[in-house]
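Let's take a walk through this structure together, looking at its hollow spaces and at how its chains relate. Keep the view open as you read.

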Number of protein chains: 2
Amino acid sequence: MNTTRLDHLWKRGRDFLGVHYPIMCGAMTWVSEPQLVSAVCNAGAFASIACGNMPPDALARHIEETRARTAKPFAVNLITIAPNYDAHLDIAVQARLPIIVFAGTIPKAPDIEKAKASGARVMAFAPVEAIAKRLLDYGVDALILEGMEAGGHIGPVAGTVLWQQILFKFCDQVPIFTAGGIATGKMMAHLLMMGASGVQLGTLFVMTHECTAHDNFKEAFKRADARDAIASPQFDSRLPVIPVRALKNKGTNEFGRLQLELLKKLDSGEIDRETAQLEVERFWIGALRRAAIDGDVDQGSLMAGQTVGLVDEVKPVTALIEDLVRDAEAELNRVAESL
Amino acid sequence: MNTTRLDHLWKRGRDFLGVHYPIMCGAMTWVSEPQLVSAVCNAGAFASIACGNMPPDALARHIEETRARTAKPFAVNLITIAPNYDAHLDIAVQARLPIIVFAGTIPKAPDIEKAKASGARVMAFAPVEAIAKRLLDYGVDALILEGMEAGGHIGPVAGTVLWQQILFKFCDQVPIFTAGGIATGKMMAHLLMMGASGVQLGTLFVMTHECTAHDNFKEAFKRADARDAIASPQFDSRLPVIPVRALKNKGTNEFGRLQLELLKKLDSGEIDRETAQLEVERFWIGALRRAAIDGDVDQGSLMAGQTVGLVDEVKPVTALIEDLVRDAEAELNRVAESL
């Protein structure tokens with residue numbers, strides 16, 4: 001495949017990740033495990049093992065299994081607010097992974113130093129402008145800008161705005177990868193022209209043969225429109241909800257009812273704030289596993305980006321990447337001719 | 001100003017709107033009145049009078065006043081669900097305006113025909129893919145794709161996704177203008193490269209000298225971050241809320257409390273659904289006027305897009321447009337050299 005224009009635009013992303021295609025498969029809990037991660041890396045792209053809150057020895061085993069399946073570089077994606085986070089960081093550092101991704105909250109400066117001291121390059125998520133600036137001050141090596149149209153845990157700002165606030169301003173300073181809402185090679189091409197060093201996709205990688213998510217999960221993705229992937233709303237500042245984008249189903253409805261019930265009980269003094277908050281946090285525990293592994297698409301959490309409206313077939317990882325690359329190169333050629 | 005590359009890319013948008021710069025000032029109720037509309041048109045761009053639900057004779061007067069201030073083309077933006085909508089359509093048709101914009105819901109086929117029979121070209125908003133297809137079937141002459149990052153009444157899908165679902169697929173068929181989240185000439189340049197015939201901005205035009213919005217309103221925009229412009233959440237399907245993006249303030253908090261109160265009363269049978277819905281709809285009546293005209297930024301509705309995080313000065317309309325055009329042309333040149 002001729003990729004002359006792409007080669008030029010994404011040289012920096014390639015060099016940074018140490019891969020042929022700077023296309024990242026975003027870390028998805030229960031989904032980004034050795035089979036999918038190694039398939040993506042073997043296809044020439046890049047992926048991260050999703051640590052979620054797995055037991056530390058499971059993470060060590062996942063790293064080992066992935067290494068058994070691929071000789072290519074991959075990363076782990078640490079959730080700074082996970083109870084097992086400290087142990088995860090230790091394992092990633094001991095494993096001498098080439099890249100460590102911090103997600104969740106802003107990582108502490110000593111944790112970033114620790115990761116870098118192991119030889120890893122550090123990437124972190126910037127969901128708003130102020131956090132991007134802070135991460136650059138902390139010496140993060142690359143940023144991932146994820147717009148709120150993404151799936152799973154999301155920030156409050158759309159990609160369009162983040163690209164103008166952060167990508168345009170800081171892309172000369174560090175490699176920046178854009179995430180959220182990307183489902184076509186054309187879009188990828190335009191983001192590279194905007195200055196991105198590469199892109200990160202999640203929803204599209206769910207729709208691959210190598211992804212171990214339950215068939216019901218993939219079928220739900222096929223049927224869904226973009227507007228079906230909704231962010232969980234917070235009803236009251238007394239009950240903070242970390243927004244998650246997932247497909248509407250019985251579970252999301254019940255979560256709404258739960259919040260209303262809890263607020264009613266809070267108002268009447270029947271329960272205290274802490275108890276209410278605990279119930280909110282407990283509601284979704286295990287829900288992603290129920291959907292992605294057990295195939296319960298009614299009550300489980302069908303985390304999905306709005307790009308779910310653009311996917312309607314399941315294909316091999318290699319075909320997905322080839323399609324993206326071919327369409328992107330064609331788009332770059334079209335734009336070059338139009339200018 | 002040299003605009004060779006822009007001239008080439010936006011020829012179609014120019015011809016369609018009959019203007020020098022196919023940059024549209026989106027219709028903002030209480031804000032898009034004769035002074036701002038005429039200033040935008042006299043600067044070579046395009047604007048629409050926001051009909052909102054003004055008395056029909058006020059609309060006729062607005063059209064007259066705008067014509068007294070500019071010889072350039074402009075449009076009216078009709079809200080299909082406004083009680084005065086039918087009268088507004090009649091006035092627009094009688095005034096023989098060159099373009100009529102339909103907003104709100106999908107316009108009825110006979111209304112589109114009526115508008116076209118008057119000699120007007122018809123534009124309509126496509127907030128999701130299915131509506132875009134329907135509008136094209138109905139013979140709409142151009143589409144406006146507005147992502148959920150926009151201000152005021154918004155759809156459920158982000159711009160990124162709409163561009164892939166609609167712009168990439170249908171831009172050869174009709175001129176498509178993109179709206180929501182656009183605050184820089186660079187972004188405008190990239191949207192033109194994606195196939196847009198032009199762009200529509202709202203929040204940026206609030207921040208002009210010619211905009212008659214209250215100084216408090218503009219000051220609130222200066223201070224706000226992107227994440228402060230939130231969409232009003234719907235708490236329960238029994239109480240539908242048409243989502244509006246506006247800056248968080250006392251009013252948005254109280255709207256949340258109101259929904260909780262009403263749902264509690266609904267559950268206890270204290271009120272019926274119709275009464276509750278009426279209260280929801282009444283809450284914001286007059287709120288935009290309170291904010292934009294009276295300057296009450298605590299209780300009023302500060303409708304704003306997420307681009308509010310990118311604006312920090314008030315400038316003349318001509319300067320705003322010149323900045324956009326200069327930055328866009330520079331970006332096109334940069335991209336052309338990078339390919």
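Which residues line the largest cavity? Bear in mind as we go that this is a predicted model. From chain A, the lining takes in A:Leu260, A:Leu263, A:Lys264 and A:Asp267; from chain B, it takes in B:Leu260, B:Leu263, B:Lys264 and B:Asp267. If you look for the elements behind these residues, you will find that helix H12 (250-268) of chain A and helix H12 (250-268) of chain B each supply at least two residues of this lining. By class, the lining has 4 nonpolar and 4 charged residues, with no polar ones. The space they surround has a volume of about 70 Å³.

With both chains in view, you can turn to how they are related. Chain B is superposed on chain A by a rotation of 180° with 0.1 Å of shift along its axis, and the RMSD is 0.0 Å. The two copies are thus related as by a two-fold rotation axis. Both copies use the same surface, as 100% of the contact residues of chain B recur in chain A.

Now back to the cavities. Searching the whole structure for cavities of 30 Å³ or more turns up 2 of them, so to finish the set we need to visit the second largest cavity. Its space comes to about 30 Å³. The residues lining the second largest cavity are B:Met24, B:Cys25, B:Gly26, B:Ala27, B:Ser48, B:Asn77, B:Val101, B:Phe125, B:Ile144 and B:Gln200. Sorted by class, they give 6 nonpolar and 4 polar residues, and no charged ones.

Our last stop is a pocket, the second largest in the structure, with a volume of about 460 Å³. A good place to centre your view is the group A:Ala183, A:Thr184, A:Leu310, A:Lys315 and A:Asp327, which lie nearest the centre of this pocket among its 22 lining residues. Which helices each supply at least two residues of the lining? In chain A they are helix H9 (185-194) and helix H15 (317-338), and in chain B helix H8 (159-170). The largest share comes from H15(A), with 7 residues. As for chemical character, the lining of the second largest pocket has 9 nonpolar, 9 charged and 4 polar residues.

Conventions. Residues numbered from 1 in each chain as written. Chains lettered and ligands numbered in written order. Predicted model: local features only at pLDDT ≥ 70, side-chain atom pairs only at ≥ 80, totals over all residues. Heavy atoms only, no water. 1 Å grid on protein atoms, 1.4 Å probe; cavity = no way out; pocket = protein on both sides within 12 Å on 5 of 7 lines; lining within 4 Å. Points joined across faces, edges and corners; volume = space filled by probe spheres on them. Helix = DSSP H or I, 4+ residues; strand = E, 2+ residues; numbered from the N terminus. Nonpolar A, V, L, I, M, F, W, Y, C, P; charged D, E, K, R; others polar. Least-squares fit on C-alpha atoms with pLDDT ≥ 70 in both. Contact = heavy atoms within 4.5 Å.
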